[in-house]
Amino acid sequence: MVLGVAAYTLRRRFVRSLPGMARDWLWMHTWLGIITVLIAFLHENYTYIIPGVCGSSGGLSCLSQFYFGPSALFALMLLVLSGVVGRLLDVWQAHVIARDASTNGVGITQSLEERILELEYTVERLSAGKSEPFKAYCLKALDSMSNIATLPVPPISPQEQTDFARAHETLLDRARLLASLQRQQQARLIFRTWRSIHMILAPIALLIILYHAILEILTSILGIHFS
Ligand code: HEM
């Protein structure tokens, strides 16, 4: 079952031609993972899941017993717990991005980046050939990631007032879209960071689980004993 859960990475990365949609594979990955840990609890009669880790034997002394059986169980528990956290983060991430994309008037990351670039070109065009205070203000506003509403507005000559008002409005729009882009990127980054942790935990846990499973099969089922 553990290998079945891990097969998700095969479909996602290595053999994309495997039948079924990635979404269905993730569904299988999630539920098979949860059922696996429940069965692992069951086959050891729910021992080791109570606080105190090694029970009456105390400390962490049991971890290497039964060919690292308790370690395999804890590794599986940690992996499944991490998976559940990740699934929740995935839902949260999708929610944040969808809400943001529907309220910013532009959409998701790629469209936002394109629109922000367009707004920057507009500001550059408006400030071309204008007075020094006009240009300096626009440059500062384009450089600053902070709220441009707090930037002091310089004295602008009456003939530049209309273009300055347009540039200012464009800069405000850009700042609003930048904040939206940052929110979406942050949500993605949080999920990607979790993903890296889950993917580091997975091979470590798999090694311990496979070691335990193979040696238990060899000794308890096939009766081969190592001196
Ligand atoms: C035996 C237990 C598990 C193993 C060995 C395992 C292993 C993996 C691996 C290797 C990946 C990376 C796939 C890739 O990108 O190539 C992955 C992704 C993931 N796993 Fe698990 N996992 C387990 C349990 C779970 C459980 C129980 C859940 C959810 C409740 C879960 C949720 C996820 C999610 C959400 C992803 C990222 C999906 C994506 O972005 O495509 N995992 N898992």
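In this predicted model, the largest pocket encloses about 800 Å³ of space, and this same pocket is the space that the ligand takes up. Its lining is made up of 30 residues, among which Val-5, Tyr-8, His-29, Trp-194 and His-198 lie nearest the centre of the pocket. Helices α1, α2, α3 and α6 each contribute at least two residues to this lining. By residue class, the lining of the largest pocket comprises 17 nonpolar, eight polar and five charged residues.

The second largest pocket has a volume of about 550 Å³. It is lined by 22 residues, and those closest to its centre are Ala-40, His-43, Ile-209, His-212 and Ala-213. Two or more lining residues of this second pocket come from each of α1, α2, α3 and α6, with α6 giving the most, namely seven residues. The lining of the second largest pocket divides into 16 nonpolar residues, four polar residues and two charged residues.

With respect to the ligand itself, 21 residues are found around it, and of these Tyr-8, Thr-9, Arg-13, His-29 and His-198 come nearest. The shell around the ligand receives at least two residues from each of four helices, which are α1 (residues 2-14), α2 (residues 22-43), α3 (residues 65-103) and α6 (residues 161-221). Eleven residues of the shell are nonpolar, six are polar and four are charged. Tyr-8, His-29 and His-198, which are listed among the residues that come nearest the ligand, are also listed among those nearest the centre of the largest pocket.

Polar contacts to the ligand were examined residue by residue. For Tyr-8, a polar atom of the side chain is placed 2.5 Å from an oxygen atom of the ligand. In the case of Thr-9, a side-chain N or O atom is 2.5 Å from an oxygen atom of the ligand, and for Arg-13 an N or O atom of the side chain is likewise 2.5 Å from a ligand oxygen atom.

Charged pairs within the protein were considered next, and the count of salt bridges comes to six. One of the salt bridges joins Asp-100 to Arg-183, with the closest N and O atoms 2.6 Å apart. Because Asp-100 belongs to helix α3 and Arg-183 to helix α6, this pair ties together parts of the protein that are 83 residues apart in sequence. Both of these helices, α3 and α6, also supply residues to the shell around the ligand, to the lining of the largest pocket and to the lining of the second largest pocket.

Conventions. Residues numbered from 1 in each chain as written. Predicted model: local features only at pLDDT ≥ 70, side-chain atom pairs only at ≥ 80, totals over all residues. Heavy atoms only, no water. Near = heavy atom within 4 Å. Polar contact = N/O pair within 3.5 Å; in protein donor to acceptor, adjacent residues only side chain to side chain. 1 Å grid on protein atoms, 1.4 Å probe; cavity = no way out; pocket = protein on both sides within 12 Å on 5 of 7 lines; lining within 4 Å. Sits in = over half its atoms within 2 Å of the grid points. Nonpolar A, V, L, I, M, F, W, Y, C, P; charged D, E, K, R; others polar. Points joined across faces, edges and corners; volume = space filled by probe spheres on them. Salt bridge = Lys/Arg side-chain N within 4 Å of Asp/Glu carboxyl O.
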